[in-house]
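The following questions and answers concern enclosed spaces inside a protein model. Each answer sets a value against a definition.

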Amino acid sequence: MVQRPVACAAVAVALWASLGNAAPSSAPPRLSTTSGPIRGVVRDDVRFFGGIPYAAPPVGANRWRAPQPVRAWKTERDATGFAADCPQPRRKEDAAFPQDENCLTLNVASPDLGARKLPVLFVVHGGAYFVGSGREPFRNGMPPLVKQGVVLVAPNYRIGRLGFFAHPALTNEAPKATANFWLMDQVAALHWVRQNIARFGGDPDNVTIIGCSAGGSSINALMATPMARDLFARASAHSAGGLFNANRPLLQAQDQGLAFAQRTGVTGDGAPSLAALRRLSVAQVLAGDSGAPDFGATVDGSWLPAPLSTLFARGQIAHVPLISGSTSNEASVFGLMGFGRAEMARRFGIDLSAVSASYGLSDEAELLRQVQTDFLFTSAALGMTQLAARAGLPTRAYQFDFVPPDQRSSKPGADHCADRLFWLGQSPSVDAESRALARTMSGWMLNYVRNGNPNGPGLPPWPASQDGRTNPLVIGQHIAANPDFRARQLAPWFDKWQRESSQSFGWTPTP
């Protein structure tokens, strides 16, 4: 059941306790945003402000509408803890956290409110577009990257059917603001950053957007949408996909929306049906979807004028530096969703026997694992980087292959988004190797958010991508660039994308 928000102070105590943080270390920081005054808290020498509204509650008549302006307040707002998560299926790890449809808020962590022009890191959470929240970057405590001089912003955005919904009546109601409500929310949050982040010590002209999984796919969408131009200075997409299954046509999305409506007992495609859908309880909306999540971007002709990879191929994207990468065992996420050989064939049209020669594997389970990893993720991380490089963007690619020492005997590679904490300077394991890698990777990220180039003194060199050649930095027990990385295995996926998209990398992938 969706819960109503509880007292903010109580939420703050419970959430910070769950993160293992000590009590506040000094007088609470205070400032005024463009909407009104807020009071934060100091944790680990970092000024934290949580649950700040960046848009009006998307409830009632505002459900499935573009985010509306916040109503200003005059009384100081308690921003010492996180606000409610957007509605989503309950997970064990999030069972204690409140949920509410009134969830368009963001969290800000600053090392120094008196600073000027600190780089800003805008973190878009993952979760297959149906779970997660802006609490994600703080699950393991305050990210060390903040203490090194970075202002971190982490927004909530509408997820699941509340964020991804197309319907003929919606298209008629607002043809230029339909279906992609999740993306509209993210852009609204970026506008809030532009207007307010200087008050937190940040530089509105030096914003880096970053995300993993659905968060990474969001980064690709923010790169592609014309509505986010000039709102960020660089991008970093992790385990994002992009070449395949990245979006759907509006008519297909509308058919899926009508099917959802029918599952909730609402039929018809006109305004009365839409009004009935807006009257559904959140619990009824959540109950309308079951099974593996199937949410994604919609090519609506406005927010996304064409498929993501097509916009990349045409160079119709934000012309900013881009990092794109994936992990060596992305298949771990398919296991969570129950995608075996049959589901890969049904949902994605993948015939393992047709690509087995490129992999040279007799073990079907290992073939499935590698295909699952390469099809959506490795090919996209390298392919989208190639398309951006071809458009003249300074780009860098990577493959994360590090597994902590105590897990190497049980894991075939680095799991989906296993690199996420490392970029923020946090190690998921206490061993010396993992800690050293976290220092290295956060060093790259710190340089990148400062000036767009991850390289710097004491760090392994990371060469830029070259148009016409995949040369990702392979990050494992050893770190080195690998020209023509997995060329034989990736060739069928690059060929498949070129055939199906009628676009070109501008070069012929060679096994």
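The exchange below treats the cavities of this model in turn.

The model is predicted: local features need pLDDT of at least 70, side-chain atom pairs count only at pLDDT 80 or more, and totals for chains, interfaces and linings use all residues. Residues are numbered from 1 along each chain as its sequence is written, and side-chain values use heavy atoms, without hydrogens and water.

Q: Why is a space in this structure called a cavity?
A: On a 1 Å grid over the protein atoms alone, a cavity is a set of points where a 1.4 Å probe fits but cannot get out. The structure holds four cavities of 30 Å³ or more.

Q: What volume does the largest cavity have?
A: Its volume is about 110 Å³, the space filled by probe spheres set on grid points joined across faces, edges and corners.

Q: What makes W423 a lining residue of the largest cavity?
A: Lining residues have an atom within 4 Å of a point. W423 is in the lining of the largest cavity, as are H238 and R420.

Q: Which element supplies the largest share of this lining?
A: Strand 11 does, with three residues; strands (E, at least two residues) and helices (H or I, at least four) are DSSP runs numbered from the N terminus. Strand 7 (118-124) and helix 15 (420-423) each supply at least two residues.

Q: How many residues lining the second largest cavity, of about 80 Å³, are charged?
A: Three are charged, beside six nonpolar and three polar. Asp, Glu, Lys and Arg count as charged, so R161, R248 and D294 in this lining belong to that class. Ala, Val, Leu, Ile, Met, Phe, Trp, Tyr, Cys and Pro count as nonpolar, and the others, Gly among them, as polar.

Technical notes: On a 1 Å grid over the protein atoms alone, a cavity is a set of points where a 1.4 Å probe fits but cannot get out, and a pocket is an open set with protein on both sides within 12 Å along at least five of seven lines; lining residues have an atom within 4 Å of a point.
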